[in-house]
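Thanks for coming, everyone. I'd like to walk you through one model today. Have a look at the screen.

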Amino acid sequence: MVVSRALECNRLNCENKLLREELVKNFKLKEIIGSSGKMMEVFEIIKKVTSTDVTVLIQGESGTGKELAARAIHYNSGRSKGPFIKVNCAAIPEGILESELFGHEKGAFTDASSRKTGRFEAADKGTIFLDEIGDMSLGMQAKILRILQEKEFERVGSSQAIKVDARIIAATNKDLFRAVKEEQFREDLFYRINVVSIKLPPLREKREDIPLLFEHFMHKFNKEFNKTIEHISLEAMELLMKYPWPGNVRELQNVLQRAIILSEGKIITNKDLPFYIQFLDSEIKLETESADFSKSLIETVKDITDEVERQIIFKALKKTNWNRSETAGILKISRKSLFNKMKRFNLIKEEE
Ligand SMILES: Nc1ncnc2c1ncn2[C@@H]1O[C@H](COP(=O)(O)OP(=O)(O)OP(=O)(O)O)[C@@H](O)[C@H]1O
Ligand SMILES: [Mg+2]
């Protein structure tokens, strides 16, 4: 029974792995990695919308892969040979956004020395990606609404309507539903763009994807930086699994890039990770509660960072069993500087 159960288990594992590889292969081209339940749901929706032209709203925290998902939809759709035009609605100044999107005629305003085609026109037969749409002014929202309804617009300074055939994908890291309630976002526009919505989960809610993401970034950065990393230590992986990842996949990518550059062997270990991840277990808390405004900002911040520094050194000393050379080594400071800091922070061995 034990043997047959083991065989069955192995078979299921293999099957699982195959299915996963299949999916990874499918989306590897577009570089979206994930095998968690939440990402499977995302893949399902992406697959469904690629065969249509519906407007898609992608929501998710910063660094969760919204742009990646938008590109995946475009490049897997019938429009893949057409252009993918990205507009960052938050980065373009309000006054310029209109002519950026719709273009302008020569002489439409003081600086308009020649006619300019807008991004909507450029996106004809392709996809226009309206990034950070939650940051668009109410006035611009009205204009976008019109395009969605009538599929036409005018260049600034012209009265001739232009028709375009562009698929619209919008993304935001804001809670648009709440913005609607707070009257920061037009309700009619919200329902227009939210025909299909994709919610990208934050990394902390799909931690099971971290090993797969590690593999992906390991291969990517090995190639990019000519390295030959093969593994990650169990301890280091445990830290990655525990860290809350406020910057999501982008933060993980940056941390791994740095680790792969720094690593000297074939294995990523704790010491290749940034301090705030290495010392995750040390329960360092930023005690901002105690700030009572009796001191200046600079003094208050210094008190708090001193305490953090003290705790990190203490943690490192405990880790090396109070071996000063080793501690100085892992903290990458000189022995003398460690000694001075120990004196300053009154760090002495517990039994002493
Ligand atoms: N599932 C994933 N697989 C592989 N790489 C990913 C994944 N999700 C995100 N990334 C990578 O993380 C980085 C951030 O992704 P992206 O720019 O799509 O995020 P975003 O949600 O648009 O972030 P922001 O709100 O800050 O603009 C990119 O380099 C992207 O390639
Ligand atoms: Mg983005």
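**The core, the central strand and the ligand**

Let's start inside. The largest nonpolar core has 39 residues, and those touching the most other members are I58, A69, I73, I128, L130, I169 and A170. Which elements give two or more residues to this core? On the helix side, they are α2 (37-50), α3 (66-76), α4 (94-102) and α8 (187-193). On the strand side, they are β1 (56-59), β2 (84-88), β5 (127-131) and β8 (167-172). Keep in mind that this is a predicted model.

Take A69 from that list. Set aside its neighbours within four places in sequence. A69 is then in contact with I32, V42, I46, I58, I198 and L200.

There is also a second core, separate from this one. That core has 16 residues, with Y243, V255, A259 and I268 among them.

Now to β5. Is this strand mostly covered or mostly open? Covered: five of its five residues are buried. T127, F129 and D131 point one way from β5. I128 and L130 point the other way. Both sets are buried.

What does β5 pair with? One partner is β2, in the parallel sense, over five bridges. In that pairing, I85 stands opposite I128 of β5. Another partner is β8, again parallel, over four bridges. There, L130 has A170 in β8 as its bridge partner. You have met I128, L130 and A170 already, in the list of core residues that touch the most other members.

Next, the domains. The domain assignment splits the protein chain into domain 1 (1-30), domain 2 (35-201), domain 3 (203-278) and domain 4 (286-352). Taken over C-alpha atoms, the centres of domain 3 and domain 4 are 27 Å apart.

So where does ligand 1 lie? It lies between domain 2 and domain 3, because both give residues to the shell around it.

Here is that shell in detail. There are 17 residues around ligand 1, and I33, G65, K66, E67 and V249 come nearest. Two elements give two or more residues to the shell: α3 and α11 (248-262). By class, the shell has nine polar, four nonpolar and four charged residues.

One last link back to the core. Helix α3 gives two or more residues to the shell around ligand 1, and α3 also gives two or more residues to the largest nonpolar core.

That's my tour. Over to you.

Terms used
Residues numbered from 1 in each chain as written. Chains lettered and ligands numbered in written order. Predicted model: local features only at pLDDT ≥ 70, side-chain atom pairs only at ≥ 80, totals over all residues. Core = buried A, V, L, I, M, F, W, Y, C linked by C-beta atoms within 7 Å. Buried ≥ 20, exposed ≤ 12 C-beta atoms within 10 Å, placed from the backbone. Contact = placed C-beta atoms within 7 Å. Near = placed C-beta within 6 Å. Nonpolar A, V, L, I, M, F, W, Y, C, P; charged D, E, K, R; others polar. Domains from an automatic or database assignment. Pairing = 2+ DSSP bridges.
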